[in-house]
Amino acid sequence: MYTYSMKSYLLRSAALTVALVFVLNLLGVYSFWYATIWWYDMLVHFFGGVFIGFLLLYLFQKLWTMPLRQLVICVGGGVLLIGIGWEIFEVFIWQVTGANGSPFSDSVSDVVCDTVGGLVALSFFLQKRKI
């Protein structure tokens, strides 16, 4: 069982991270940084993964009691699945709008950055939990 302060920490961390992703995305779109800075998309996907990691940790702590090993697998796998789902959504949007999509290698790097971000959130959680 986790204390109120841990759940509060996870929720605050998720809220701060999603705000950061929102600001980074706005800056990237309006300043054309997605097109001019080759690594900018990876940065945004990394912080998106951090957000999803904190959000899943919060939700799993709130809804279920599970052993630590199972929690790590669920959060890591959840971030990976959401990252893959987002890339499928992007391809769908490109098909609908007729926009030129990114190559497959970009989708792979996006999913890797999402997953690494989720693992960073998990490491912050484990450090805070002091295992």
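The axes of α4 and α5 come within 9 Å and cross at roughly 155 degrees. Angles over 145 degrees count as roughly antiparallel, so α4 and α5 are roughly antiparallel to each other. In handedness, the passage of α4 across α5 is right-handed. Keep in mind throughout that this is a predicted model.

Now the residues behind that packing. On the α4 side the contact uses L68, L71, V72, V75, V79, L80, G83, I84, E87 and E90. On the α5 side you will find S107, D110, V111, D114, T115, G118, L122, F125, L126 and R129. Sorted by class, the contact of α4 with α5 has 11 nonpolar, 4 polar and 5 charged residues.

Let me step back to the whole chain for a moment. The protein has 5 helices and 0 strands. Along the sequence the pattern reads α-α-α-α-α. Taken along the principal axes, the C-alpha atoms fill a box of roughly 50 × 25 × 20 Å.

Next, α3 against α4. Here the axes come within 9 Å and cross at roughly 130 degrees. That angle is not over 145 and lies outside 65 to 115, so α3 and α4 are oblique to each other. The crossing of α3 past α4 is right-handed. From α3, the contact takes in H45, G49, I52, G53, L56, L57, F60 and Q61. From α4, the partners are L71, C74, V75, G78, V79, I82, W86, E87 and E90. Counting classes, there are 10 nonpolar, 5 polar and 2 charged residues in the contact of α3 with α4.

Some α4 residues come up twice. L71, V75, V79, E87 and E90 are among those that α4 gives to its contact with α5, and these residues also appear in its contact with α3.

The third pair is α3 and α5. Their axes are 6 Å apart, and the helices pack at an angle of about 45 degrees. What does that angle make them, oblique or roughly parallel? Roughly parallel needs an angle under 35 degrees, so α3 and α5 are oblique to each other. Their crossing is again right-handed. The contact of α3 with α5 divides into 12 nonpolar, 7 polar and 4 charged residues.

That leaves the pocket. The largest pocket has a volume of about 750 Å³. Which elements give two or more residues to its lining? They are α1, residues 4–30, α3, residues 40–63, α4, residues 68–97, and α5, residues 104–129. The largest share of that lining, 8 residues, comes from α4.

In total, 26 residues line the largest pocket, and D41, V44, H45, W86 and E90 lie nearest its centre. Three of these names should be familiar: H45 of α3, with W86 and E90 of α4, also belongs to the contact between α3 and α4. As for the chemistry of the lining, it divides into 13 nonpolar, 8 polar and 5 charged residues.

If you want one place to start looking on the screen, take E90. This α4 residue is in the contact with α5, in the contact with α3, and among the residues nearest the centre of the largest pocket.

How values were computed:
Residues numbered from 1 in each chain as written. Predicted model: local features only at pLDDT ≥ 70, side-chain atom pairs only at ≥ 80, totals over all residues. Heavy atoms only, no water. 1 Å grid on protein atoms, 1.4 Å probe; cavity = no way out; pocket = protein on both sides within 12 Å on 5 of 7 lines; lining within 4 Å. Points joined across faces, edges and corners; volume = space filled by probe spheres on them. Helix = DSSP H or I, 4+ residues; strand = E, 2+ residues; numbered from the N terminus. Nonpolar A, V, L, I, M, F, W, Y, C, P; charged D, E, K, R; others polar. Axes fitted to C-alpha atoms, helices over the stretch in contact; angles between N-to-C directions. Left-handed = near helix turned anticlockwise from the far one by under 90°. Contact = heavy atoms within 4.5 Å.
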